[in-house]
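Please open the structure in a viewer and keep the sequence alongside. The tour below proposes a series of selections and describes what each one shows.

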Amino acid sequence: MFGIFKNKENKNHNTFDYSSLMVDMHSHVLPGIDDGAQNPAESIELIKRMMKLGITKIIATPHIMADYYRNTAGTINTALDILKAELKKENIDITIEAAAEHYFDETFETRIDERKLMTMGDNYVLFEYSFISQPPNAIPIIQKLKDSGYKPILAHPERYQYLDLDDFRSLHDYGLLFQLNTISLTGYYGKESKKLAEGLVDNQLIDFISSDMHHLRHAEAFQNALKMPYLEKLLFDYPLKNIMLR
Ligand SMILES: [Fe+2]
């Protein structure tokens, strides 16, 4: 009898949002500096959608990528200032900070050596791999990050189809933290990413979850992810570290 009631309750999916998570630490909401929001009006639209779903702090992470987005602390902080002024003008009360999503290219190691990485919280660094193949020097660079006092977080591991759960287990043992895009759980990036996302959750390999918000289609999917039982598990029965970035 209780089982029946429980099932009924679980079908009522819209009973929770991201308010227990509080912090979204991977998004492209800074205006005009990457493939995310192109102007302050677009930024504000995305931010309003995130706030409506319970997010109370946003750490924006524009791409830093030698080939496409040559952002620096200068370009990122300028965009942050523009956005903050606009939020103030519109009386929108949200805590917003900036770090970056570093692309693992040939300039990444130089940035580590020069201590030029954009960090969040207690020296966390968010970076991403190519979607085609893992860089051959992945392990030495992770070691270098750690030796330099950085705490490396790999963005959306579920999107790297060339890695499997064993690879992720060993990278995690090595001290690499993982950030899942919650929209992967909806199948937004395809069935394989969804499956890998679920496997990573099941194997207790996820440390952070976030939106990776670029545009309104992501905002829709970020909301739809709230219907996924896996997200419910992550939000209420999982040792996520987002809270450390409050
Ligand atoms: Fe991203």
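## From S8 outward

Strand S9 (residues 208–210) runs parallel to S8 and is joined to it by three bridges. The model on display is a predicted one. To view one of these pairings, select phenylalanine 208 in S9 together with glutamine 179, its bridge partner. Next, add helix H7 (residues 191–202) to the selection: S8, H7 and S9 make a right-handed β-α-β unit.

Now move to the other pairing of S8 described here. Select strand S7 (residues 151–155) and strand S8 (residues 177–181), which pair in the parallel sense over three bridges. Within this pair, isoleucine 153 stands opposite leucine 177 in S8. Adding helix H6 (residues 165–173) shows a right-handed β-α-β unit made by S7, H6 and S8.

## A stop on helix H6

Select arginine 169, which lies in helix H6. Is this residue buried or exposed, or does it fall in between? Arginine 169 counts as partly exposed, because 14 C-beta neighbours lie inside 10 Å, and a residue is called buried at 20 or more and exposed at 12 or fewer. Which residues does arginine 169 touch, not counting those up to four places away in sequence? They are Asn203 and Leu205. A distance can be drawn here as well: the C-alpha atoms of arginine 169 and asparagine 203 are separated by 8.4 Å, although the two residues are 34 residues apart along the chain.

## Strand S6 and its partners

Return to S7 and add S6; the two strands pair in the parallel sense over four bridges. Valine 125 has proline 152, in S7, as its bridge partner. To follow the chain between these strands, select helix H5 (residues 138–147): the path goes from S6 through H5 to S7, and this β-α-β crossover is right-handed.

Select strand S6 (residues 124–128) by itself. Five of its five residues are buried, so S6 is largely enclosed by the rest of the structure. Displaying the side chains shows two directions: Tyr124, Leu126 and Glu128 point one way from S6, whereas Val125 and Phe127 point the other way. Both groups are buried.

Strand S5 (residues 101–103) is the next selection. Three bridges join S5 to S6, and the two strands run parallel. Glutamate 101 has leucine 126, in S6, as its bridge partner. With helix H4 (residues 108–113) added, S5, H4 and S6 make a right-handed β-α-β unit.

## The sheet of S1, S2 and S4

Select strands S1, S2 and S4. They form an open sheet of three strands in the order S1-S2-S4, with parallel pairing. Why is one side of S1 (23–24) and of S4 (95–98) left without a neighbour in the sheet? Each of these strands stands at an edge and has a single partner strand, so one side remains without a neighbour.

S1 and strand S2 (residues 57–60) pair in the parallel sense over two bridges. For a closer view, select valine 23, which stands opposite lysine 57 in S2. Then add helix H3 (residues 73–89), which packs on the sheet and touches S2 and S4. The direction of H3 makes about 165° with that of S4.

## Three loop residues

Proline 31 is found in the loop between S1 and helix H2 (40–52). This residue is buried, because 22 other C-beta atoms lie within 10 Å. Leaving aside neighbours within four places in sequence, proline 31 is in contact with several residues, including Ala37, Pro40, Ala79, Ile82 and Leu83. For alanine 79, which is 48 residues apart from proline 31 along the chain, the C-alpha separation is 6.1 Å.

Two further loop positions merit a check of their backbone angles. Most residues other than glycine have a negative phi.

Methionine 22 is in the loop between helix H1 (2–11) and S1. Although methionine 22 is not a glycine, it has a positive phi of about 65°. Methionine 22 is partly exposed, with 15 other C-beta atoms within 10 Å.

Finally, select aspartate 212, in the loop between S9 and helix H8 (216–224). Aspartate 212 is not a glycine, yet it has a positive phi of about 50°. With 26 C-beta neighbours inside 10 Å, aspartate 212 counts as buried.

Key:
Residues are numbered from 1 along each chain as its sequence is written. This is a predicted model: local features need pLDDT of at least 70, side-chain atom pairs count only at pLDDT 80 or more; totals for chains, interfaces and linings use all residues. Two strands pair if DSSP finds at least two bridges between them. Two residues are in contact if their C-beta atoms, placed from the backbone, lie within 7 Å. Axes are lines fitted to C-alpha atoms, for helices over the stretch in contact, and angles run from 0 to 180 degrees between N-to-C directions. A crossover is right-handed if, with the strands pointing away from the viewer, the path from the first strand over the helix to the second runs clockwise.
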